[in-house]
Amino acid sequence: MSAIPGIVAINTFREAVRDRVLYNLIVFALMMMGAAILVGEISIGIDRLVIINLGLSAISIFGLVMAIFIGVGLVYKEMEKRTLYSLLAKPVRRWEFLVGKFGGLVLTLAVNTLFMTLGLAAALFYVSRQFLRTDATILIAIYFILLELALVTAFALFFSCFSSPMLSTLFTLGIYVAGFFSADIRGIGTVTRSPAMQMTARVISYLLPNFRNFNVISAASHGDVIPFSLIWQNTAYAALYVALVLIAASAIFFGRNLK
Amino acid sequence: MSTPAIEIEGLTKDYPVGFWRQRLRRSLDHLTLRVEDGEIFGFLGPNGAGKTTTLKVLMSIIFPTSGTARVRGKSIDDVRMHREIGYLPEQPYFYDYLTARELLEYYARLFGFGAADRRERVTRFLERVGLADAADLQLRKFSKGMLQRVGIAQAILHDPQVIFLDEPMSGLDPVGRREVRDIIHDLKREGRTVFFSTHILSDAEMLCDRVAVLVGGKLQGVGAPAEIVSMQVYAMEILFETQAGRVLPGSLANSATQIGGRYRVEVPEEQLYSILEELRGCGARILSVTPLRPTLEDYFFKLVARNKTAPQPEEAVSR
């Protein structure tokens, strides 16, 4: 097993930290503190629900913004600034570089999410003065958000292998939105009589990543039980999808002439 | 016969140009070259000659349209080849959020050196390029010359056998250039091969065992600097002084140029003795007589001028 992706990943993480990417945590912390104080004033009995909903949604949105905007620049920046020249002259295969970049951003997102989780836990404790057994589902919801972010990062990296950051951002956002509504795309097939249309809608919906499967925020905020089967299914689905997207990205990047 | 350090065979690179009607522009045209082990090899050419393109192809940064290349017997597609080479890109740029020490540490990790070895190497090579005092400064605060030094350090950090340097003197002051020349000489003494591109001809004349001249993507000549420019004398230069009040004979008065209190004249070799006689006749004092040979610079400019007047077939290759 090559150690190079790990070395590149650690350097990518260090770049993110030194570029002050984790400063978004301050905004998150302020938001959670404000929400915790406000919720205590205005809501009766639903303060936990509001805090969990708000916290998980914020973790998801902050993570998505980071995954897309940093993800599309990961490869592009190295090409544009020509830092890749010195790196590729070393015994580094292009796929190792890509996987390392992916790993570095996922590590950054994981650390960021960990701090946000601590923030959410603090806010939750502030409003209810206790943790419940059902709060474990919050951790599962956060794990699913991380899986979702890994998939989004893989797509951002994939698009950045052949297009500009602006286009890559649009493509990744497009995939995310379409993936969130993939079940509805399949539904289009049921309202048409055309077999060709039905088939096309079905193929598209299966090809798109199903991001809705990762969203259990509502269940977590209500303390509902999340079946174990969903945990391993989502894990396997995300792992397989990420692997396929990274293989496709490597195949494109492998033959690319750098500027 | 030993394996050459670098073997390039028929290397060609075409780039698509234009938006609607794409054509191919040839930036490297069937380059064939062999560099022996332990040589300092200069790769000369004006801007746009194809020097950087060649180096980028050798580093697998871009891919050739046709042709092959091997370094120490290994194909350039083989990632193991990269363990044996070092590369300094033209106008290098590195991660500006890292310090010089962190950057070299990062690169040393990629070669699998252990922690103690890494620390020792990084310190040693930072000292070697004169950056020991700036080791813990972020690269964003480095000048162009300092970045060039870091670039050289990262290229030789892992003791490669073949070192490729793209314009290594660029951006350096005279002291820096001298230091880089010394490093290149040291590398040769250690038995390594240095392949460097430059358009500073004096550096090439001073350093290289052999040079290749590339103009318009085509190889124009390869050889030792002395061989390539021929040792034939094309004129004799005479420096002389005249006595106060003495006038130069008519033919010399027209051809000699006055520099301060001295005169300089270039004469054909076969007329040397008759001119010296004339000068003696008018009481002139001969300061020096020097045979003039073409320099690498003369050769280089002649080639560039010839290439400019010749048609550019590479522009006309259509897809």
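Strand S1 of chain B, residues 6-17, pairs with strand S2 of chain B in the antiparallel sense, and nine bridges hold this pairing. Within it, B:Ile8 stands opposite B:Leu33 in S2(B). Please keep in mind throughout that the model before you is predicted.

Let us place that pair in its surroundings. The two strands belong to an open sheet of four strands in chain B, in the order S2-S1-S4-S5, with antiparallel pairing. Which strands stand at the edges? They are S2(B), residues 23-35, and S5(B), residues 74-75; each has a single partner strand, so one side of each is left without a neighbour in the sheet.

Chain B also holds another open sheet of four strands, in the order S12-S13-S11-S14, and here too the pairing is antiparallel. The edge positions belong to S12(B), residues 257-259, and S14(B), residues 285-292; since each has a single partner strand, one side of each has no neighbour in the sheet. From one strand to the next, the twist averages 25°.

Consider one pairing in this sheet. Strand S12(B) is joined to strand S13(B), residues 262-267, by three bridges, and the two run antiparallel. Here B:Thr257 stands opposite B:Arg264 in S13(B). A helix accompanies the sheet: H9(B), residues 272-281, packs on it and touches S11(B), S13(B) and S14(B). The direction of H9(B) makes about 10° with that of S11(B).

I now turn to chain A. How many helices and strands does chain A contain? There are eleven helices and zero strands. Read along the sequence, the pattern of chain A is therefore α repeated, as α-α-α-α-α-α-α-α-α-α-α.

As for its dimensions, the C-alpha trace of chain A spans about 60 × 55 × 35 Å along its principal axes. A compact globule of 259 residues would have a radius of gyration near 18 Å, and the 20 Å of chain A agrees with this. Of those 259 residues, 41% count as buried. Turning to contacts in chain A with a separation of 6 or more, 84% are made by residues 24 or more positions apart.

Next, the place where the chains meet. In chain A, 20 residues are in contact with 23 residues of chain B. Helix H1(A), residues 4-18, and helix H4(A), residues 83-88, each supply at least two residues of the side of chain A that touches chain B. The largest share of that side, five residues, comes from H1(A). What kinds of residue make up this side of chain A? Eight are nonpolar, five are polar and seven are charged.

Finally, the interior. In soluble globular proteins, nonpolar side chains tend to be buried together. In this model, the largest nonpolar core has 144 residues, and those that touch the most other members are A:Ala67, A:Leu157, B:Leu104 and B:Ala153. Helix H6(A), residues 136-160, provides the largest share of this core, 17 residues.

Let us look at B:Leu104 in detail. Leaving aside residues up to four places away in sequence, which residues does B:Leu104 touch? They are B:Val122, B:Phe125, B:Leu126, B:Ala153, B:Gln154 and B:Leu157. There is also a second, separate core of ten residues, and among them are B:Met236, B:Phe240, B:Val267 and B:Leu279.

Note on methods:
Residues numbered from 1 in each chain as written. Chains lettered and ligands numbered in written order. Predicted model: local features only at pLDDT ≥ 70, side-chain atom pairs only at ≥ 80, totals over all residues. Contact = placed C-beta atoms within 7 Å. Nonpolar A, V, L, I, M, F, W, Y, C, P; charged D, E, K, R; others polar. Core = buried A, V, L, I, M, F, W, Y, C linked by C-beta atoms within 7 Å. Buried ≥ 20, exposed ≤ 12 C-beta atoms within 10 Å, placed from the backbone. Pairing = 2+ DSSP bridges. Axes fitted to C-alpha atoms, helices over the stretch in contact; angles between N-to-C directions. Rg over C-alpha atoms; globule rule 2.2 N^0.38 Å.
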